[in-house]
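I opened the file to look up two things: how some helices pack, and what empty space is enclosed. My entries follow in the order I worked.

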Amino acid sequence: MSKTVCVTGASGFIASWLVKLLLQRGYTVKASVRDPDDPKKTAHLLALEGAKERLQLFKANLQEEGSFDAAVAGCEGVFHTASPFTNTVDDPQAELIDPAVKGTLNVLGSCAKTPSVKRVVLTSSAATVAYNYKPKTPDVVVDESWFADLEFCKRRKMWYVVSKILAEDAAWKFVREKGIDMVTINPSMVIGPLLQPTLNTSASAILKLINGAQTYPNVSYGWVNVKNVVNAHILAYETPSANGRYCVVERIVHHSGLVDILRKLYPSLQLPDKCADDKPFVSTYQISKDKAKSLGISFIPIEDSIMEIVESLKEKKFFAV
């Protein structure tokens with residue numbers, strides 16, 4: 001008998017890869033999606049190797065208490081990845097914060113009712129680590145002991161980051177009260193091949209650069225390959241000594257650096273050659289890889305990840321070559 005695990009938000013970018021690699025490892029996967037009857041959300045999952053024998057789809061809604069009970073029932077591990085990720089919102093509370101926080105507590109509530117659950121792995125974000133008033137320069141190394149500052153993020157209207165800070169905080173409080181074993185994975189912007197047919201937020205950041213943008217934004221983000229992120233989730237579940245938070249970031253790069261990498265890889269692309277503003281470039285910094293490497297993660301270089309995402313966007317016809 002293979003072990004049974006649950007993956008929430010299974011049609012998403014990270015979660016789709018998680019389902020794929022869990023099935024490859026022989027797990028039975030109970031996957032929650034908002035609409036199991038929508039082929040745009042499920043066809044790529046049902047086509048995965050092992051899906052016919054060991055993948056079950058469940059309908060669940062982040063904001064509906066008890067809706068994850070059936071998906072979690074009988075599982076030894078729960079991977080909670082479902083959380084909205086967008087940088088453009090009209091109503092941050094309704095579109096980002098409530099689904100992230102209530103959804104996390106609803107999933108953990110289902111786990112608390114399920115004695116078979118041995119460990120929860122929560123997909124958090126490197127954003128819950130890095131964004132605060134501490135100065136960040138190229139020689140500064142951020143690690144898992146850092147925490148983002150909620151008021152700092154609210155003042156800057158970083159609503160996605162706010163949603164992830166509040167969700168992770170609520171999760172740690174809940175699991176400590178209930179005695180649930182939880183580990184969080186805190187990745188940066190995640191790129192690599194798309195399994196799902198739809199465009200996700202991190203892929204669209206690359207697509208904008210290669211699809212006729214006149215300028216690039218003055219921002220520095222962390223980047224990491226989806227396969228590294230998913231392996232970190234699985235190893236955090238399978239490694240008994242895994243604990244706390246794990247930053248999973250290959251490198252922090254300013255968008256000018258992304259354009260430079262793209263130009264070297266694809267000289268024929270029409271890429272932006274100037275920044276969107278004339279302010280000094282937002283500084284890069286470092287994020288420690290030590291804890292992630294202790295799980296056994298071997299990081300894929302950003303250059304390879306960018307090549308994979310560009311080839312995937314081409315293959316799925318998101319832009320004309």
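**Helix packing and an enclosed cavity**

I began with one helix pair and found that H11 passes H13 in a right-handed crossing. I note that the model is a predicted one.

I then looked up the geometry of this pair. Helix H11 covers residues 255-265 and helix H13 covers residues 302-315. Their axes lie 10 Å apart, and the packing angle is about 70°. I count H11 as roughly perpendicular to H13, because angles of 65 to 115 degrees fall in that class.

Next I listed the residues that make this contact. From H11 I have Leu258, Ile261, Leu262 and Leu265. The H13 side supplies Ile302, Glu303, Ile306, Met307 and Val310. Sorted by class, the contact of H11 with H13 holds eight nonpolar residues, one charged residue and no polar ones.

I moved on to the other pair that involves H11. Helix H9 spans residues 201-210, and its axis comes within 11 Å of the H11 axis. The two cross at roughly 65°, and H9 and H11 are therefore roughly perpendicular to each other. I logged this crossing of H9 and H11 as right-handed.

For the contact itself, I found Ile206, Leu209 and Ile210 on H9. H11 contributes His255, Leu258, Val259 and Leu262. By class I get six nonpolar residues, one polar residue and no charged residues for H9 with H11. I marked Leu258 and Leu262 of H11 in my lists, since they appear in the contact with H13 and in the contact with H9.

Which cavities did a search of the whole structure turn up? I found one cavity of 30 Å³ or more. The space in this largest cavity comes to about 70 Å³.

I wrote down its lining in sequence order. His80, Thr81, Ala82 and Ser83 are part of the lining. Ala100, Thr104, Leu122, Thr123 and Ser124 also line the cavity, as do Lys164, Ala167 and Glu168.

I then asked which elements give two or more residues to this lining. They are helix H5 (92-112), strand E5 (119-123) and helix H8 (159-178). H8 gives the most, with three residues.

Last, I sorted the cavity lining by class. It has six polar, four nonpolar and two charged residues. I put that next to the helix contacts: H11 with H13 has no polar residues, and H9 with H11 has no charged ones.

How values were computed
Residues numbered from 1 in each chain as written. Predicted model: local features only at pLDDT ≥ 70, side-chain atom pairs only at ≥ 80, totals over all residues. Heavy atoms only, no water. 1 Å grid on protein atoms, 1.4 Å probe; cavity = no way out; pocket = protein on both sides within 12 Å on 5 of 7 lines; lining within 4 Å. Points joined across faces, edges and corners; volume = space filled by probe spheres on them. Helix = DSSP H or I, 4+ residues; strand = E, 2+ residues; numbered from the N terminus. Nonpolar A, V, L, I, M, F, W, Y, C, P; charged D, E, K, R; others polar. Axes fitted to C-alpha atoms, helices over the stretch in contact; angles between N-to-C directions. Parallel < 35°, antiparallel > 145°, perpendicular 65-115°, else oblique. Left-handed = near helix turned anticlockwise from the far one by under 90°. Contact = heavy atoms within 4.5 Å.
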